[in-house]
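Grab a coffee and have your viewer ready. Here is a short set of exercises, each with a worked solution to check against your own reading.

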Amino acid sequence: QDAGHKTLGLVTVEDILEELVGDIQDEEDDEGTVNAMRELLPYLGIVVLIAFSAFFSGSEIAFASVNTLRLQSKAEKGSKPAQVAHYICQQYDKALCTILIGNNLVNIASSSLATVIALQLVGDSGAIYATGVMTVLILTFGEIMPKIVAKDQSDGFVLLAAYPLRL
């Protein structure tokens, strides 16, 4: 309808209902939202994978630098997370292998995902861009910063990381 309330074209039942009750969400409206979410998923995947990288990197340095006597004391006082963390410290060589494999897997996965995105965005040269960007992101947020924090807060970090690494 135009400003004079004259019909200018085909009127559907949906148009009439929307005049009466307001906007109606339907499949066509949802497709735009779903498509937008699908486009964001790879980026969200990269963020999640870098967070896992941060967890593994932090765990590596935290278990290497934790005060084992303090941890053992907490374990003896009945702290379950401290008991699990102490067990992992006693098996540090095995835990380190698990941590390093996990870190490599998530770093490779995030870089691969970034490469797919970059190839879609800029074509064949996308791999070069993805390599550069992911190197900076992984080193900064997946390696260096988590290790600085975990080294500084190793006693608490091992308690948080104990159960996930024990699985």
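The exercises below go from the overall fold to single contacts, and the model they treat is a predicted one.

**Exercise 1. The fold at a glance**

Work out how many helices and strands the protein chain has, and what share of its residues is buried.

*Solution.*
Step 1: Count the elements. The protein chain has 7 helices and 0 strands, and along the sequence they give the pattern α-α-α-α-α-α-α.
Step 2: Turn to burial. Of the 167 residues in the protein chain, 29% are buried.
Step 3: Look at the surface. About 11,200 Å² of the protein chain is exposed, with 64% of that supplied by carbon and sulfur atoms.
Step 4: Check how far contacts reach along the chain. Taking contacts between residues at least 6 apart in sequence, 76% join residues at least 24 apart.

**Exercise 2. The span of helix α5**

Test whether the end-to-end distance of helix α5 agrees with its number of residues.

*Solution.*
Step 1: Helix α5 covers residues 92-122, which is 31 residues.
Step 2: The expected span is 1.5 Å times one less than the number of residues, so at 1.5 Å a residue helix α5 should span 45 Å.
Step 3: The end C-alpha atoms of helix α5 are 44 Å apart, which agrees with the expectation.
Step 4: Now list what α5 buries. Its buried residues include Tyr92, Ala95, Ile99, Gly102, Asn103, Val106 and Asn107. Further along, Ser110, Ala114, Ile117 and Ala118 are also among them. To read such spacings, recall that an α-helix has 3.6 residues a turn, so residues three or four places apart point the same way.
Step 5: See what comes after the helix. Gly123 follows α5 and has a positive phi, near 85°.

**Exercise 3. Salt bridges**

Find the 3 salt bridges and decide which residues are linked in a network.

*Solution.*
Step 1: Keep the general idea in mind: side chains of opposite charge can pair when their charged atoms come close.
Step 2: Start with Glu60 and Lys147, whose closest N and O atoms are 3.5 Å apart in a salt bridge. This pair links distant parts of the chain, with Glu60 in helix α2 (residues 27-65) and Lys147 in helix α6, 87 residues apart.
Step 3: Lys147 also forms a salt bridge with Glu143, at 3.3 Å between the closest N and O atoms. Here both residues lie in helix α6, 4 residues apart, about one turn of the helix.
Step 4: Put these together: Glu60, Glu143 and Lys147 are linked in a network of salt bridges. In that network, Lys147 counts as partly exposed at 27% relative accessibility, whereas Glu143 counts as buried at 14%.
Step 5: Add the pair of Arg70 and Asp155, with closest N and O atoms 2.3 Å apart. This salt bridge also links distant parts of the chain: Arg70 is in helix α3 (residues 68-76) and Asp155 in helix α7 (residues 154-166), 85 residues apart.
Step 6: Classify both partners. Arg70 is partly exposed, with a relative accessible area of 45%; Asp155 counts as buried at 17% relative accessibility, because the cut-off for buried is under 20%.

**Exercise 4. Around Pro146**

Which residues is Pro146 in contact with, leaving aside its neighbours within four places in sequence?

*Solution.*
Step 1: Place the residue. Pro146 lies in helix α6 (residues 126-152) and is buried, with a relative accessible area of 10%.
Step 2: List the contacts. They are Ala54, Ser57, Gly58, Thr140 and Phe141.
Step 3: Check one of these by backbone distance. The C-alpha atoms of Pro146 and Ser57 are separated by 6.4 Å, although the two residues are 89 residues apart along the chain.

**Exercise 5. Aromatic rings and nonpolar cores**

Classify the 1 aromatic pair, then describe the largest nonpolar core.

*Solution.*
Step 1: Phe55 and Phe56 form the pair, at 5.4 Å centre to centre with 65° between the planes. Planes over 60 degrees apart count as edge-to-face, so the pair is edge-to-face.
Step 2: Compare burial. Phe55 is partly exposed at 21% relative accessibility, while Phe56 is buried at 14%.
Step 3: Move to the largest nonpolar core, which has 22 residues; Phe63, Leu71, Ala85, Ile88, Val158 and Leu165 touch the most other members. The elements giving two or more residues to this core are α2, α3, α4 (80-90), α5 and α7.
Step 4: Zoom in on Ala85. Not counting residues up to four places away in sequence, Ala85 touches Phe63, Leu71, Val158, Leu159 and Ala162.
Step 5: Finish with the second, separate core of 8 residues, which includes Ile46, Ala114, Ala118 and Ile138.

Conventions
Residues are numbered from 1 along each chain as its sequence is written. This is a predicted model: local features need pLDDT of at least 70, side-chain atom pairs count only at pLDDT 80 or more; totals for chains, interfaces and linings use all residues. Side-chain values use heavy atoms; hydrogens and water are left out. Rings of Phe, Tyr and Trp (its six-membered ring) pair if their centres lie within 6.5 Å; planes under 30 degrees apart count as stacked, over 60 as edge-to-face and the rest as tilted. Buried means under 20% relative accessible area, exposed over 50%, partly exposed in between (1.4 Å probe, protein chains only). Contact means heavy atoms within 4.5 Å. Accessible areas come from the Shrake-Rupley method with a 1.4 Å probe; for residues, only the protein chains shown count as cover. A salt bridge is a side-chain nitrogen of Lys or Arg within 4 Å of a carboxyl oxygen of Asp or Glu. A nonpolar core is a set of buried Ala, Val, Leu, Ile, Met, Phe, Trp, Tyr and Cys residues joined through side-chain atoms within 4.5 Å.
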